[in-house]
Amino acid sequence: MTVQIRSSIRFLLNHRLVELSAVSAVQTLLDFLRLDRNLRGTKEGCAEGDCGACTVLVGRLLDGRLKYESVNACIRFVGSLDGCHIVTVDSLAVPGGPLHPVQQAMVDTHASQCGFCTPGFVMSLYGLWMENPKPSVTEIEKALQGNLCRCTGYAAIIRAAEAVSVIGDLDRDPLVAERVTIIQKLEGLKDGKRVEMGEGAERFMLPASVDDLADIYEAEPKARIVAGSTDVGLWVTKFMRDISPVVHLSHLDELRRIAVDEAGITFGAGVSYTESFPLISKHFPQLTELWNRIGGQQVRNMGTIGGNIANGSPIGDTPPALIALGASVVLRKGKVQRTVPLESFFIEYGKQDRQPGEFVEAVRIPFLDENARYAVYKITKRLDEDISAVCGAFRLIFDENGKVSDAVIAYGGMAGTPKRADNAEAALIGASWTEITVEAAMEALANDYTPLTDWRASADYRLLVAKNLLRRFYLETQGDEPVRLDRKQAV
Amino acid sequence: MNVMQPIDRIRGGVHENERHESGHKHVTGTAEYIDDIPEPAGTLHAYLGLSQRAHAQILSIDFDAVKSAPGVVGVLTADDITGENDVSPAHKHDDPVFATDKVEFHGQPIFAVIAETRDAARRAAARVKIEYRDLPHVTDVLEAAAANYPLVIDPLKLERGDITAGFARAKNILEGEMRIGGQDHFYLEGHISFAIPGEDDEILLYSSTQHPSETQHMVGQVLGVASNAVTINVRRMGGAFGGKETQANLFAAVAALAAKKYRCAVKIRPDRDDDMTATGKRHDFHVGYKVGFDDDGRIEAVDATFSARCGFSADLSGPVTDRALFHADNCYFYPHVRLRSRPLKTNTVSNTAFRGFGGPQGMVGGERMIEDVAYALGKDPLEIRKLNFYGGEGRNLTPYHQTVEDNIIGRIIEELETSCDYAARRADVLAFNRKSNIIKRGIALTPVKFGISFTKTEYNQAGALVHVYADGSIHLNHGGTEMGQGLYTKVAQVVADEFQVDLNRIKVTATTTGKVPNTSATAASSGSDLNGMAAANAAQQIKARLVTFAAERWGVSEKDVAFEPNTIRIGAERIAFSDFIKIAYGSRIQLSAAGFYKTPKIHWNRSEGRGRPFFYYAYGASCSEVSVDTLTGEYQVDRTDVLHDVGKSLNPALDIGQVEGAFVQGMGWLTTEELWWDAKGRLRTHAPSTYKIPLASDRPRIFNVKLAEWSVNREETIRRSKAVGEPPFMLPISVLEAISMAAASVAEYRIAPRLDAPATPERVLLAIERLRRAAKNG
């Protein structure tokens, strides 16, 4: 079957349909809004997806359902927005008209000082309000992990978030009240065609389907596949790299599917952290905290598990945890699929077991054995929205005599790739699960890793913490006393 | 009985919880920042080319690839400077706009590319080829001292009493040292300047500057034109915190040079990485101290040296290191004292003003001495604090010979100690730590006393311009800049109160050197004190004319003319404000006035280290409780209680916002915000991905912030209020000390924990390990 080609992208921007027939592969949404459309309510604070001043909402359809999510416009490519609805702060209140409830709440509680971060906070809180009209303080903080404010100390912003539902009626919100119409408009933009635009360094493509993606990528194995652009976005905004030709994935519903069977869960490579969270936290409650501490909400809305793996970062948010679970990667080239264990996918720094033209199609996570004990610990300078200094993941199976029958330990931040601790595992397997055994395994970690010193942590700290995390894991199995901070809900 | 008639109150007068004047614009994205201003057609964009070496001679620069890049119009170097290649605010001629033959830090500007778009300029700047010859470099303050690096400016010594005799008398003497990290401002809006050339030598600049007058003078100096040719305009900044006091000057100068050279509007906005690499930060300090004390913990003598990483030039390092010394006593009387500053040159970006201006580093050093004394004696640090507070016969003189006359720290501490239940909670913490092996807790209650006034006496002046238009609307302009602190709101409240009109009758307009000249930086927490007074003065001049006019016209005595809410009462008659103004205009009464204010009483002799540098002090205290994971060094602030003194608040809601915000910002400085240079002298924490300021989830889990509502400034400040910008920044010293206590628990509190700042999880864990080893060894 031949694929039909369209050479424009179409999306809703606030209340208007926009069709662009000339747009560069590296055109960011933020620059498009500010420079091309003169919509200057959305601000640039960092251009790397960390401060949230550029937060906008992007509505995407999946199986007829429309969900609005906060995203960082600074690292979101315009080319990826075909078929989406983009909502910016400029559209929330009519000039001279009443403020939107989120805006009114922010004004009432004195939640803005310099005001530069404020549009981003408004949009993050708007996204939260639509999903969760009466959030707890912890839920508010989670929604605001990707929004930095340097003036207020946040207390007033939290008060604003709590006040939104008191002064506003969600059912009367335009994006809620007009949802059916908007869905119809967005459905109308779907024509099943492949999008191809631009030339040279500006060239990008939106495959019509996963099969089409396979064809495109096999034909052009040097193309850059971009899912959430939470890392590749920075290659452009920070390093001004030429990433062409770009192949976007985020519009492919097929890659956003999740399949659960008796043995585990298979996540399509385009499933975002946010989309995977309900099933992850249900089946792997030990991963809840890790998932909640990946980037900020905007990054979790954009970033995908598949992208996190294919990217091959030495730290990796999810790989240590998934390696310890025995996860595998489904790779595809053309019509050929193969499955490789995740741990062997990472070969060395910057190198993965991926052939030219081969892409990550899905990630398969097996359920834990009933007698397995599993934990993941992420250690960072700042609790939230920070990259691990060390991330340790542990899965141990004990036999009926209390001996360790199997041990899988993986760390991020300790080597050029997320890597298993072979020596430590060896020290545990077959041994009794005692403090002496654990201390031997802790010592063995020194033979597993030679970590680096950098701005996140010194080599000494990394090794010391890696050892202590194993001790933490042990102490948690003993259950005598709290060995982790009780992350209390703020009042 | 004589019953007072109830009189309506104006809306938005002083002491009211008025909203920020731009709040509704912030939330809708319609508050205009400089990058939001529509650009005239043909606007060009500048982008800086930065040094890739920490210290090197420049052998050659090849601009061919830069100039041939798409969209490039030209390149600016020092050769294009028509005036002086210098923006040194200290007038030391050590702060070039563009480096010429030598670079002195990694990130120093060497040239600027001018192009049709910002993206084109930025891409082109990266194409330069520069040949360097490396020179030895030093980034660390102690290494700089060891390498005999010079001081960037004359040091200060404060001395009182006889320390030799003091130490001889002291039963106990301890010595110690501490490192205190710097801090990036991380204002959300980065630096920006937008220049529009005018006729002849004239130029208009929109600049993100806290100090429009200095920016005006610096642009004039660099262009080689008089100040009257340069107009600086600042409506608002997206945060500043001191980072835009002098650091805006370079960007303004580059935009101005380019605008004049190419005869069109030019905008310059560095990206976040360049902003953090090429502009100054809070000074890192090393404090070496010796303290003598008796067995109760009463201090006899203090000898301390504060060495600062100043960077490659003087900038404001002189007054910053001075202020560190001014605050090394915090609330404590030192009978014999010698404090010395060492403002050391390093091959790093020139450090600059940052909220507190050296005061926080001085105070952290002072509090560390108290903490050490307490651990040496096995006592609660709070007990040592109370013992040493200023107060009592002969115990009110600071190391700089100013008498503390307005001391209220005793009452603040007493009230906070009670309201936060300090004693019982400390007992709980100690009990918890006895049974908990991994998680440890700490609690600390620390005071703040902060001196208010610029130590450079001439800065303590301000101007304002008030117009009353014939329709009764009021236009207010003053020399202070709005960076989020709510200055425009507070000053407008003052003017509303003066005229007794509703706040919405007053429009505050963008700060501009064309309306109010020779202004001081909006810094040193002085914005409302100075500009509020100047605006009140302008309003009073107009009012005086109106009163004279009304008395004459209506034939009443001047004392029978009164400004009542939105009304003028003349004898028995009441006239609406706008009607009265219309009449006054018709009678040719001048309805505009320039106001002025200078702070009284202050004087300072730096060479003698004596004087009264501060008009008054602001006080506060906080109590923080933390939990620390002794396996990883991670921690959480479980609870903080704050009681802070703002005198009689002009606007309690805004002041609470300042206190909360300062606390969290100060907590970030002392905990997770770490500046990290690599061996090549490159700052590697230069973006939010690597430099971690607090998030909402880092707030204390319980955060009770209260103003000392009973406090009234004993000095005649604007409506008896006190400055609020900087003093609360030092409240979170309690967090650092509480973490220290949790760490100290692993050695049964017998060893002073000596935790350096910032107390990252790594520093906390390594301190715990050190304490464990020390406890084991003896």
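How many of the eight residues of strand E4 (residues 55–62) of chain A are buried? In this predicted model, the count is six, and strand E4 of chain A is mostly covered.

Strand E4 of chain A has two pairing partners described here. One is strand E5 (residues 65–72) of chain A. E4(A) and E5(A) run antiparallel and share eight bridges. Within this pairing, Leu61(A) of E4(A) is bridged to Leu66(A) of E5(A). The two strands form a hairpin with two residues between them. In that hairpin, Asp63(A) adopts a positive phi near 50°. The other partner is strand E6 (residues 85–87) of chain A. E6(A) also pairs with E4(A) in the antiparallel sense, over three bridges. Here Gly59(A) has His85(A) of E6(A) as its bridge partner.

Chain A as a whole contains 18 helices and 21 strands. Its radius of gyration is 23 Å, close to the 23 Å that the globule rule gives for 491 residues, so chain A is as compact as a globular protein of that length. The C-alpha trace of chain A spans about 70 × 60 × 40 Å along its principal axes. Buried residues make up 56% of the 491 residues of chain A. Among contacts in chain A with a separation of 6 or more, 66% join residues 24 or more positions apart.

The domain assignment divides chain A into domain 1 (5–91 + 178–248), domain 2 (101–172) and domain 3 (257–478). The C-alpha centres of domain 2 and domain 3 of chain A are separated by 33 Å. Six residues of domain 2 of chain A and eight residues of domain 3 of chain A take part in their contact. On the domain 2 side of chain A, the residues touching domain 3 comprise one nonpolar, four polar and one charged.

For chain B, the domain assignment gives domain 1 (23–31 + 461–598), domain 2 (41–136 + 185–278) and domain 3 (400–456 + 601–778). Between domain 2 and domain 3 of chain B, the distance from centre to centre over C-alpha atoms is 37 Å. The contact between these domains of chain B involves eight residues from domain 2 and eight residues from domain 3. By class, the domain 2 side of chain B that touches domain 3 has three nonpolar, three polar and two charged residues.

Terms used
Residues are numbered from 1 along each chain as its sequence is written. Chains are lettered from A and ligands numbered from 1 in the order in which they are written. This is a predicted model: local features need pLDDT of at least 70, side-chain atom pairs count only at pLDDT 80 or more; totals for chains, interfaces and linings use all residues. Domain bounds come from an automatic or database domain assignment. Two residues are in contact if their C-beta atoms, placed from the backbone, lie within 7 Å. Ala, Val, Leu, Ile, Met, Phe, Trp, Tyr, Cys and Pro count as nonpolar, Asp, Glu, Lys and Arg as charged, and the others, Gly among them, as polar. Helices (H or I, at least four residues) and strands (E, at least two) are DSSP runs, numbered from the N terminus. The radius of gyration is taken over C-alpha atoms; the globule rule is 2.2 Å times the number of residues to the power 0.38. A residue is buried if 20 or more other C-beta atoms lie within 10 Å of its own, exposed if 12 or fewer, and partly exposed in between; C-beta atoms are placed from the backbone. Two strands pair if DSSP finds at least two bridges between them.
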